[in-house]
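Here's a quick briefing to read with the structure open beside you. Take it one topic at a time and find each residue as you go.

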Amino acid sequence: MAKKDNFEDYVQLEEYVSQENLSKVRSELITCLELNTSVAGTIIEIDKNFAKSILITTNDMVVDEHGLIFDAFIFAAANYVAQAAINKEFSVVIGSKCFFYAPLKIGDVLQLEAHALFDETSKKRDVRVIGYTKDIKMFEGTIQIVTTDEHIFNLKRPPVNSVKDTQQEEKSNTSGVNPDAMAATILASMGK
């Protein structure tokens, strides 16, 4: 079995970034502050429209006895570095186009770089992310992110019924058909 009990046998973050630089990045990072970086990577460099991260694969990411890393962790790391390149408090992924060129195995280190495109005042941004293990390109993608002025859960939703929907509903109800009776009839015909 490929899993090892001792994480110390693997690469450590300190081999890629000093504690001083890591503290500097953490002080500048605004996005995803509560994210578990042990499974989504660690941002090691941040600048305007740019971020770089390291994902050190661990036992918790393995899907089989060969030490294959579940690809969702790679995408999570790419998502995180993309969000860091924009570095806004409130942002959400709305789309992506990604390519996984090679698998990762336990003990691999994935280095990701993200370059945010478009003007930083734009609410919708594309972020280009490329990931390498040693000199091998493992991942490439474009992640679309929308930034908002407040948390997505606090935004007001548009009304469910538009004027057209309401007029159509009133028109259908005047035809004398009871929608509840119709539903009951359909369910009864299906034996439910």
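**Q83, a buried residue**

Q83 counts as buried because its relative accessibility is 5%. Keep in mind that what you're looking at is a predicted model. The residue belongs to helix α3, which covers residues 71-86.

- The side chain of Q83 makes a polar contact with the side chain of S91, at 2.3 Å.
- Skipping neighbours within four places in sequence, the contacts of Q83 are T31, C32, K88, S91, V92, V93 and I145.

**The whole protein**

- The protein has 192 residues, and 34% of them count as buried.
- You'll find five helices and six strands in the protein.
- If you walk along the sequence, the pattern goes α-α-β-β-α-β-β-β-β-α-α.
- Take the contacts between residues at least 6 apart in sequence: 64% of them join residues at least 24 apart.
- The protein's accessible surface is about 12,300 Å², and carbon and sulfur atoms account for 53% of that.

**Strand β2 and its partners**

- How many residues of strand β2 (residues 50-56) are buried? Seven of the seven are, so the strand is largely enclosed by the rest of the structure.
- F50, K52, I54 and I56 point one way from β2, while A51, S53 and L55 point the other way, and all are buried.
- Strand β1 (residues 42-47) pairs with β2 in the antiparallel sense, over five bridges.
- The hairpin of β1 and β2 has two residues between the strands, and N49 there takes a positive phi near 60°.
- Strand β4 (residues 109-116) also runs antiparallel to β2, and seven bridges join the two.
- K52 is a handy residue to follow here: it is the bridge partner of E45, and K52 also stands opposite E113 in β4.

**A closer look at S53**

- S53 sits in strand β2, and it counts as buried because its relative accessibility is just 1%.
- Leaving out residues up to four places away in sequence, S53 touches T42, I43, I44, A77, V81, L110, Q111 and L112.
- S53 and G41 are 12 residues apart along the chain, yet their C-alpha atoms are separated by 6.2 Å.

**Salt bridges**

Side chains of opposite charge can pair when their charged atoms come close. A search of the whole structure turns up five salt bridges, and here are some to look at.

- One of them joins the side chains of D149 and K123, at 2.7 Å from N to O. This pair links distant parts of the chain, 26 residues apart: D149 is in the loop between β6 and α4, and K123 is in the loop between β4 and β5.
- Are these two partners buried or exposed? D149 counts as exposed, with 66% relative accessibility, and K123 counts as partly exposed, at 40%.
- R128 forms a salt bridge with E140, and their closest N and O atoms are 2.1 Å apart. R128 lies in strand β5 and E140 in strand β6, so this pair ties together parts that are 12 residues apart in sequence.
- K137 also forms a salt bridge with E140, with the closest N and O atoms 3.4 Å apart. Salt bridges that share partners join R128, K137 and E140 into one network.

**E140 and its surroundings**

- E140 is found in strand β6, which spans residues 136-147.
- Why does E140 count as buried? Its relative accessibility is 12%, and buried means under 20%.
- The two partners in the network come out as partly exposed: R128 has a relative accessible area of 30%, and K137 has a relative accessible area of 30%.
- Not counting residues up to four places away in sequence, E140 touches K97, C98, F99, Y101, R128, V129 and I130.

**A nonpolar patch on the surface**

- Which residues form a nonpolar patch on the surface? They are V92, I94, I152, F153 and L155, and together they have about 470 Å² of accessible area.
- I94, one of the patch residues, is found in strand β3 (residues 91-100).
- With 48% relative accessibility, I94 counts as partly exposed.
- V92, another patch member, is also among the contacts of Q83, the residue this briefing began with.

Technical notes. Residues numbered from 1 in each chain as written. Predicted model: local features only at pLDDT ≥ 70, side-chain atom pairs only at ≥ 80, totals over all residues. Heavy atoms only, no water. Helix = DSSP H or I, 4+ residues; strand = E, 2+ residues; numbered from the N terminus. Buried < 20%, exposed > 50% of the residue type's maximum accessible area, 1.4 Å probe, protein only. Polar contact = N/O pair within 3.5 Å; in protein donor to acceptor, adjacent residues only side chain to side chain. Contact = heavy atoms within 4.5 Å. Patch = residues over 30% accessible without salt bridge, like charges linked within 9 Å, V, L, I, M, F, W, Y side chains within 5 Å. Areas by Shrake-Rupley, 256 points an atom, 1.4 Å probe, with all protein chains shown as cover. Salt bridge = Lys/Arg side-chain N within 4 Å of Asp/Glu carboxyl O. Pairing = 2+ DSSP bridges.
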